[in-house]
Amino acid sequence: WHVRPEDYRDCKDANEILMKYGVDGIRQCIENAEHEMDEHIIRMADVTPIDLAHMEHYSSGFTQLDKLIGGFYFGQVILLTGKRGKGKSTLASQFLCRALCNGYTCFAYSGEMTHPSFREWMDRQLAGPDNLVQVKSDNDKVDWTVKDWKRNRLHDWYYHTMWLHDERSVSGDETSTLMSTVERAVKEYGIRVVLLDNLMTALEDDKNADLNRMQSNFVRGLARIARAYNVIIFLVAHPRKRKGDITDFDADDVMGSGNITNAVDVVLQYDDAPDRFGKPDRLLAVKKNRLTGDVSDGIALWFDPKSKRITERKDDFSWETDRQLYIDVTDSEEVPW
């Protein structure tokens, strides 16, 4: 409780009030005193209820995943895990493609891929299988790349909306540098969707530090940025080495501190499909879903090595012909297909 400023009547304290205005002056101060709420306490009735229908989000591109988590909601940290070499980075970059095609400005950090490799990967996903040509190296290895005219259109299309972290600028404490770079990019470049691939490469510089504490602080910092600026942050992390398949995995099997999965909003696992699920290339599992609570062990997905695209429909990798996957995309010239 505190005395209202006007009840001091130009006096500095209670003694002066008593001397000038007597007991009645003191009584007035006490009776008119106001309760001051603690800055860390609010009334629950003043909290705006969740309205999923009107919360900003975009489609993941996978119908079954959207049914479970509602799409990707802004203000969330989404952790993507799975065994090494199974395509976590590919799936993560595809989620960025979805964001770009819905008009959002994106930022990516890749601790494992060079800038040209990262661009080639995303260009092939954005261009699609019908806009690729075969190339042959000196040792006769055949691969695919984007047609020149299509790459030029992509360049112009995402020139102002796709940004990368420049690892050449890193010196000293990479963790704090990366964190501050993400926040600065959000504030100064209008970034709405962030990809950090992956957690270990972002934290591996300081060999003498408490890695678990670094991980916890880093992920909590990401959660603060996501909520403070209403952005989506995708974070790639490896799981602990373990036996069993995707259905035996839970959120606590992510490598590192248990605080990591406590701090994030969604945990997705992308891994091999057990035989009992048939013959899809991979399964995508929802292991944590803070917003709605719905989880699943079995969303079947297929992968196209040519375009690097991942879909729910075997042998059908033409996103641009399926309008429900890009619900916010029109046929305007702004979209590069």
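**Entry 1: pairing and the sheet**

Two strands count as paired if DSSP finds at least two bridges between them. With that in hand I looked at E10 and E11 in this predicted model. Strand E10 covers residues 266-272 and strand E11 covers residues 282-289, and 7 bridges hold the two in an antiparallel pairing. One position I noted is Tyr270, whose bridge partner in E11 is Leu284.

I then traced the whole sheet. It is open and has 9 strands, which I wrote down in the order E7-E4-E8-E9-E3-E10-E11-E12-E13, with mixed pairing. The edges are strand E7 (162-164) and strand E13 (310-311), each of which pairs on one side only. As background, sheet strands pair through backbone hydrogen bonds, in a parallel or an antiparallel sense.

**Entry 2: strand E9**

Which strands are joined to E9 by bridges, and in what sense do they run? I found strand E3 (residues 77-81) joined to E9 by 4 bridges, running parallel. Strand E8 (residues 193-197) is joined to E9 by 5 bridges, again parallel. For single positions, I recorded that Ile78 has Phe234 of E9 as its bridge partner, and that Leu196 has Leu235 of E9.

Are the residues of E9 buried or exposed? I counted 5 of 5 residues buried in strand E9 (residues 232-236). I checked the two faces separately. Ile232, Phe234 and Val236 lie on one side, Ile233 and Leu235 on the other, and both faces are covered. Phe234 and Leu235, the partners noted above, thus sit on opposite sides of the strand.

**Entry 3: Ile299**

I picked Ile299 in strand E12 (residues 296-303). Its relative accessible area is 1%, so Ile299 counts as buried. What does Ile299 touch, not counting residues up to four places away in sequence? I listed Gln64, Leu65, Leu68, Arg282, Leu283, Leu284 and Glu312. One of these contacts, Leu284, is the bridge partner of Tyr270 from the first entry. Leu65 is 234 residues away from Ile299 along the chain, yet I read 7.3 Å between their C-alpha atoms.

**Entry 4: cavities**

I searched for enclosed space. In general, a probe the size of a water molecule, rolled over the atoms, shows where empty space is left. The structure has 3 cavities of 30 Å³ or more. The largest holds about 50 Å³ of space.

Which residues line the largest cavity? I noted Ala108, Tyr109, Ser110, Met113, Thr114, His115, Phe118, Leu164, His165 and Glu167. By class this lining has 5 nonpolar, 4 polar and 1 charged residue. Strand E4 (106-110) and helix H4 (115-127) each contribute at least two residues to the lining. E4 contributes the most, with 3 residues.

**Entry 5: backbone exceptions**

I went through the backbone angles next. Most residues other than glycine have a negative phi, and most peptide bonds are trans. Where does a cis peptide bond occur? I found one joining Asp197 and Asn198, with omega about 10°. Asn198 is in the loop between E8 and H7.

I also noted positive phi values in residues other than glycine. Arg9 has phi near 50° and lies in the segment before helix H1 (14-31). Its relative accessibility is 28%, so Arg9 counts as partly exposed. Asp140 has phi near 70° and is found in the loop between strand E5 (132-136) and strand E6 (142-146). Asp140 is exposed, with 55% relative accessible area.

**Entry 6: Cys11**

I returned to the segment before H1, where Cys11 also has its place. Is Cys11 buried or exposed? At 7% relative accessible area, Cys11 falls under the 20% cut-off and is therefore buried. Leaving aside neighbours within four places in sequence, I found Cys11 in contact with Glu16, Ile17, Lys20 and Tyr21.

**Entry 7: confidence**

Last, I read off the pLDDT values. The chain averages 85, and 83% of the residues score at least 70. Among the elements, strand E2 (residues 72-73) has the highest mean, 98, and helix H7 (residues 199-203) the lowest, 77. H7 is the helix that follows the loop holding Asn198. I marked residues 321-333, where pLDDT stays under 50. For that stretch the model has 23 contacts beyond four places in sequence.

Methods
Residues are numbered from 1 along each chain as its sequence is written. This is a predicted model: local features need pLDDT of at least 70, side-chain atom pairs count only at pLDDT 80 or more; totals for chains, interfaces and linings use all residues. Side-chain values use heavy atoms; hydrogens and water are left out. pLDDT is the predictor's confidence in each residue, from 0 to 100. Contact means heavy atoms within 4.5 Å. On a 1 Å grid over the protein atoms alone, a cavity is a set of points where a 1.4 Å probe fits but cannot get out, and a pocket is an open set with protein on both sides within 12 Å along at least five of seven lines; lining residues have an atom within 4 Å of a point. Grid points are joined across faces, edges and corners, and a volume is the space filled by probe spheres set on the points. Ala, Val, Leu, Ile, Met, Phe, Trp, Tyr, Cys and Pro count as nonpolar, Asp, Glu, Lys and Arg as charged, and the others, Gly among them, as polar. Buried means under 20% relative accessible area, exposed over 50%, partly exposed in between (1.4 Å probe, protein chains only).
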